[in-house]
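Colleague: I should like to learn how strand pairing and the setting of a single residue are read from a model. Might we work through one case together?

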Amino acid sequence: MTTPVPKAADVTERWFVVDASGQILGRLAAQVATLLRGKDRADFTPHVAGQSHVLVVNAEKVEVTGAKLEQKRYYRHSGRPGSLKSRTLAEQMERDPRVPGERAILGMLPKNRLHRVWRNHLHVYVGSDHPHEAQQPVEVPRG
């Protein structure tokens with residue numbers, strides 16, 4: 001008796017919509033990372049990309065706890081000496097509210113060959129409108 005292992009061609013594509021308004025950033029990121037990997041499926045296989053696309057809407061309305069708005073910093077570096085730049089979470093939310101959600105979700109995914117696939121299957125939008133109505137995404141209940 002052998003265990004059936006699904007191949008990438010056997011896995012059906014699914015689309016989900018997650019409303020971020022009023023949700024805690026880390027809990028939302030954990031839920032979306034689980035959906036992207038396909039761990040909610042009975043036929044989950046770690047080496048096959050889950051073929052799940054996740055749309056996160058209302059990214060600007062995500063909540064954070066404690067003093068993270070003033071204390072959490074986002075860093076970037078061009079590689080040249082003295083070019084380290086940083087922003088607080090509040091500054092980043094004001095500038096582009098999609099970035100904290102994307103970085104939190106991608107940080108919870110494994111850093112392997114499938115990371116790029118999952119990154120391309122994640123779509124974060126400001127506001128409740130998105131251009132993926134034709135895919136008939138399923139609303140994910142708040143968890």
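Modeller: Certainly; please note that this is a predicted model. We may begin with pairing: six bridges link β1 to strand β2 (residues 52-57), and the two run parallel.

Colleague: By what route does the chain cross from β1 to β2?

Modeller: The path leads through α1, and this β-α-β crossover is right-handed.

Colleague: Which residue of β2 is the bridge partner of aspartate 19?

Modeller: That partner is valine 57. Strand β1 also pairs with strand β6 (residues 138-139), again in parallel, through two bridges. There, valine 17 lies opposite glutamate 139 of β6.

Colleague: How should one picture the side chains along a strand?

Modeller: In a regular strand they alternate between the two faces of the sheet.

Colleague: Why is β1 described as largely enclosed by the rest of the structure?

Modeller: The description holds because five of the six residues of β1 are buried.

Colleague: Let us turn to a single residue. Where is serine 21 found?

Modeller: Serine 21 sits in the loop between β1 (14-19) and α1 (25-37).

Colleague: Does serine 21 count as buried or exposed?

Modeller: One compares its relative accessibility with the cut-off for buried residues, which is under 20%. Serine 21 has a value of 18%, and therefore counts as buried.

Colleague: Which residues does serine 21 touch, not counting those up to four places away in sequence?

Modeller: These are Asn58, Lys61 and Arg142. Within the nearby sequence, the side chain of serine 21 also makes a polar contact of 3.1 Å with the side chain of aspartate 19, the residue whose bridge partner in β2 is valine 57.

Conventions. Residues are numbered from 1 along each chain as its sequence is written. This is a predicted model: local features need pLDDT of at least 70, side-chain atom pairs count only at pLDDT 80 or more; totals for chains, interfaces and linings use all residues. Side-chain values use heavy atoms; hydrogens and water are left out. Helices (H or I, at least four residues) and strands (E, at least two) are DSSP runs, numbered from the N terminus. Buried means under 20% relative accessible area, exposed over 50%, partly exposed in between (1.4 Å probe, protein chains only). A polar contact is a pair of N or O atoms within 3.5 Å; within protein, one must be able to donate a hydrogen and the other to accept it, and residues adjacent in sequence count only if both atoms are side-chain atoms. Contact means heavy atoms within 4.5 Å. Two strands pair if DSSP finds at least two bridges between them. A crossover is right-handed if, with the strands pointing away from the viewer, the path from the first strand over the helix to the second runs clockwise.
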